[in-house]
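Hello,

Here is the structure I said I would pass on. Please open it next to this email and follow along.

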Amino acid sequence: MYPIIAYIKFLFNSSNQHGVHSPFVYNFVTKCLYDKTKYEAYTKLEHYKKELRNSKTTLQITELGEGSKTLDANLRHVSKMAKTSSSSKKDAQLLYRLSKYFGFKNSLELGTSLGMGTYALALANPTSQIITIEGCPNTSDYAKSKIVNNNIRNVEFLVGNFMDTIPNLKEETYDFIFFDGHHNKEATIQYFEALLPKVHNDSVFVFDDIYWSKGMTEAWEYIKNHDAVTVTVDGFHLGFVFFRREQVKEHFKIRM
Ligand SMILES: C[S@@+](CC[C@H](N)C(=O)[O-])C[C@H]1O[C@@H](n2cnc3c(N)ncnc32)[C@H](O)[C@@H]1O
């Protein structure tokens, strides 16, 4: 119920590019979020999703984070996971555009699941480096085999709890971090704080499901108000965070 009420409120308070005075945000909205180009890579993403949906494989799941609102059993069908806990086609396309638009050279993803987002990031910049972390070993292995089968070589798959893995990350900074696992307030704030030292002026953070629960929205408010953050774009389903010191602190709600 919470996400539905939140969405109705969002519809009243959000806009499109009109009224956005910041050239940086205007360009981001019009040239990236609203880019309607049918990129060739979209076909690959569609095939990948189709393969997952048609898969007969079941995986023994190690449950971490908040789990799924719809899947209970520990033995899960990949086909069902593809529908419920893996990035949608639309989100994967957006991740692809985002990485292409900003030209991310290195990205970190919290929550590999079946590798839908990972694949999108890898396709966007084949020479970039992508690190993806997953707490469930069988899920990570499955995603890795699928991604490698698709001739992707620029992804490193790490297995472990986010909080145990983050301190061992070698990279000093990341251009992009996708927070897509463990959707609760305290955990989200904890991962945000833990990864803040890895930020440079042009880094971008994206948080998935910022209206999944009241707690997630509270975490989003905490992030918006943080001193390190300048601009945020709330697209309802996803929240985009920028750290550019040249921007005045400003928050946008954009219908996507
Ligand atoms: C929503 S799915 C990720 C979807 C994926 N990013 C995509 O684009 O399709 C979240 C994943 O995060 C993993 N996860 C949740 N909490 C975790 C934690 N604390 N440590 C490691 N992995 C975690 C879950 O096992 C699950 O596979």
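Strand S3 (residues 106-110) and strand S6 (residues 176-179) run parallel and are joined by 4 bridges. On S3, Leu-108 has Ile-177 in S6 as its bridge partner. Please keep in mind that this is a predicted model.

These two strands belong to an open sheet of 8 strands, in the order S5-S4-S3-S6-S7-S9-S8-S10. The pairing in the sheet is mixed. Which strands are at the edges? They are strand S5 (155-159) and strand S10 (250-253), each of which pairs on one side only. On average, neighbouring strands of the sheet are turned by 15° against each other, with direction ignored.

Helix H7 (residues 137-149) lies across strand S4 (129-134) and S5. Relative to S5, helix H7 runs at about 170°.

Now to the ligand. There are 21 residues around the ligand, and those that come nearest are Ser-87, Gly-111, Glu-134, Gly-135 and Asp-180. By class, this shell has 13 polar, 5 nonpolar and 3 charged residues.

Three side chains are worth finding on screen:

- Glu-109: a polar side-chain atom lies 3.0 Å from a nitrogen atom of the ligand.
- Asn-161: an N or O atom in the side chain is 3.4 Å from a nitrogen atom of the ligand.
- His-182: a polar side-chain atom lies 3.4 Å from a nitrogen atom of the ligand.

How much of the ligand's accessible area does the protein cover? On its own the ligand has 600 Å² of accessible area, and the protein covers 91% of it.

Regards

Note on methods
Residues numbered from 1 in each chain as written. Predicted model: local features only at pLDDT ≥ 70, side-chain atom pairs only at ≥ 80, totals over all residues. Heavy atoms only, no water. Pairing = 2+ DSSP bridges. Axes fitted to C-alpha atoms, helices over the stretch in contact; angles between N-to-C directions. Contact = heavy atoms within 4.5 Å. Near = heavy atom within 4 Å. Polar contact = N/O pair within 3.5 Å; in protein donor to acceptor, adjacent residues only side chain to side chain. Areas by Shrake-Rupley, 256 points an atom, 1.4 Å probe, with all protein chains shown as cover. Nonpolar A, V, L, I, M, F, W, Y, C, P; charged D, E, K, R; others polar.
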